Amino acid sequence: MKIMLATDSPSLESKISDRFARTSYFLIYNLENGNFDVIDNSSIGSHGAGPKAVQIAMDNDVSAIISAIPGETAMEAVRESKIKVYDGRGLSAKDAIGKFKSGELKEI
Amino acid sequence: MLVFQIAIVSGKGGTGKTTLSASFSYLAKERVMADCDVDAPNLHIILKPQIIERHEYFGSKKAVLDQEKCVMCGVCEQVCRFDAIKFDSDRYVINEYACEGCGACTIACPAKALQLVQSLSGEYYLSKTDNGPMVHALLKPSEETSGDLIAEVRKLALKVAYDSQIPLVIIDGAPGIGCPATSSITSTNYVILVTEPTMSGLHDLRRIVETVRHFRIKMGVVINKYDINPSKTQEIEEYCKTEEIEMLGKIPYDECVKRATENAQPVILYDCSASEEIKRVWENVSSKI
């Protein structure tokens, strides 16, 4: 199972970003083996960033997203998918993954 | 240190966001100002920032035609839905203001003479003002990339706040309820909604409240020029009560606001009833920080 984290920098030490679709990076984290891929999100573009970011999640086959509260158009796209979004505000990516595993994160 | 971010928005334009923001920028002890109305910014008129750093903003992509490769077939002109490509005397020319960067021409061109290229959509600036840093921007005409540029403005404002140990960012938000307004309020700690006692003021207030609720941010309402329409003011107050939204204050119509605006100065530098109420609103807001 893979999850996607919206982060300020490309590492597990990074803070979860204040923004979902306009975050600097996405980490695609594999819960089975602890490996992760980094997606540079700097060119998300000017229009429709929300749905585009959800598309990135779909393309990477993730089951969950950990981020700040996504905007309305992003949430519309999320509701059309099977992906769940969890509130990771104020956490580091590492801590967010830990809390996700133990079921402590709140679903948005 | 944690930085507290306050956004001032309204839904409807022209209710007094910038008037309030300018006064708050003087009332706050330490603050970074962020003018997030990047389409038509005005805060700089009052705060008179001196630019320290200038950043280029590449937001959108535009089609660029390589005249060397062009075979003059005209397919690009046919597929362009925005009438952005026209034949001009001896060659095809792209009107950059009309181009939306959809890329249809780049796919249709048999000679591969067209390409989408990142284009300069605007600039954003770090400046200094009399009482603290300010981040502001200017979008080029015809660009529609403001949500993204606002994100850049806010990132820089937050960075400046952390670097200079300033615990407060005040965001003069974008009007409307869409992308720019959303980008102005997301992940803030408190939202001030400025409305006026008119039908459209209340209508747009209801809509922006929905947007703020979506992000689960605390908010309070200020009614500007409340005494020009007492029954509408009452209606707004009842609405806020029903929706359990805090009333931060009611600013009277006051000639001194007009004078302050004409002189490009913040209202609170004047001794008048509007100025007194703005100070009370700020006290109210400061208690949330």
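Modeller: Two residues are in contact if their C-beta atoms, placed from the backbone, lie within 7 Å. Please keep that in mind as we go through this structure, which is a predicted model.

Biologist: With that idea in hand, which residues is V135(B) in contact with, leaving aside its neighbours within four places in sequence?

Modeller: Setting those neighbours aside, V135(B) is in contact with V32(B), A34(B), Y124(B), Y125(B), L126(B), V153(B), L156(B), A157(B) and V160(B). V135(B) also belongs to the largest nonpolar core, a set of 69 residues, where A34(B), V135(B), V153(B), A157(B), I192(B), L193(B) and V222(B) touch the most other members. Helix α5 of chain B, residues 146-163, gives this core its largest share, eight residues. Another core lies apart from it, with 29 residues that include A68(A), A77(A), V78(A) and A96(A).

Biologist: How should I read chain B as a whole before I look at its parts?

Modeller: A useful habit is to begin with the overall counts and then the extent. Chain B has ten helices and eleven strands, and its C-alpha trace spans about 70 × 40 × 35 Å along the principal axes. Of its 289 residues, 47% count as buried. Among the contacts in chain B with a separation of 6 or more, 74% are between residues 24 or more positions apart.

Biologist: Which domains does the assignment give for chain B?

Modeller: The assignment gives domain 1 as 4-58 + 122-286 and domain 2 as 67-112, and the C-alpha centres of these two domains of chain B lie 41 Å apart.

Biologist: How do I read the pairing of strands, for example around β6(B)?

Modeller: In a regular strand the side chains alternate between the two faces of the sheet. For the pairing itself, look at the direction of the two strands and then at the residues that stand opposite each other. Strand β3 (residues 50-65) and strand β6 (residues 114-129) of chain B pair in the antiparallel sense over 13 bridges, with I51(B) opposite S127(B). β6(B) is also joined by eight bridges to strand β7 of chain B, residues 132-139, again antiparallel, and here E123(B) has L138(B) as its bridge partner. β6(B) and β7(B) form a hairpin, with two residues between them.

Biologist: What is the order of the strands in the open sheet of chain A?

Modeller: The open sheet of chain A has five strands in the order β3-β2-β1-β4-β5, and its pairing is mixed. Strands β3 (36-40) and β5 (84-87) of chain A stand at the edges with a single partner strand each, so one side of each is left without a neighbour in the sheet. Neighbouring strands of this sheet are turned by 20 degrees against each other on average, direction ignored.

Biologist: Where can I see the mixed pairing in that sheet?

Modeller: Follow β1 of chain A, residues 2-7, which runs parallel to β4 of chain A, residues 64-67, and is joined to it by three bridges; there I3(A) stands opposite A64(A), and M4(A) has I65(A) as its bridge partner. With β2(A), by contrast, β1(A) pairs in the antiparallel sense over six bridges, and K2(A) is partnered by N30(A). Helix α3 of chain A, residues 93-101, lies across β1, β2, β4 and β5 of chain A, running at about 145 degrees to β1(A).

Biologist: Why is β1(A) described as largely enclosed by the rest of the structure?

Modeller: The reason is burial, because five of the six residues of β1(A) are buried. The same reasoning serves for helix α1 of chain B, residues 17-27, where eleven of the eleven residues are buried, so the helix is largely enclosed by the rest of the structure. Among those buried residues are K17(B), L20(B), F24(B) and Y26(B).

Biologist: How do I read a backbone angle such as phi?

Modeller: Most residues other than glycine have a negative phi. S187(B), in the loop between α6 and β9 of chain B, has a positive value near 60 degrees. R216(B), in the loop between α7 and β10 of chain B, has a positive phi of about 55 degrees although it is not a glycine.

Biologist: Is R216(B) buried or exposed?

Modeller: R216(B) counts as exposed, because it has 10 C-beta neighbours inside 10 Å, while S187(B), with 17 C-beta neighbours inside 10 Å, counts as partly exposed.

Definitions and conventions. Residues are numbered from 1 along each chain as its sequence is written. Chains are lettered from A and ligands numbered from 1 in the order in which they are written. This is a predicted model: local features need pLDDT of at least 70, side-chain atom pairs count only at pLDDT 80 or more; totals for chains, interfaces and linings use all residues. Two strands pair if DSSP finds at least two bridges between them. Helices (H or I, at least four residues) and strands (E, at least two) are DSSP runs, numbered from the N terminus. Domain bounds come from an automatic or database domain assignment. Axes are lines fitted to C-alpha atoms, for helices over the stretch in contact, and angles run from 0 to 180 degrees between N-to-C directions. A residue is buried if 20 or more other C-beta atoms lie within 10 Å of its own, exposed if 12 or fewer, and partly exposed in between; C-beta atoms are placed from the backbone. A nonpolar core is a set of buried Ala, Val, Leu, Ile, Met, Phe, Trp, Tyr and Cys residues joined through C-beta atoms within 7 Å.
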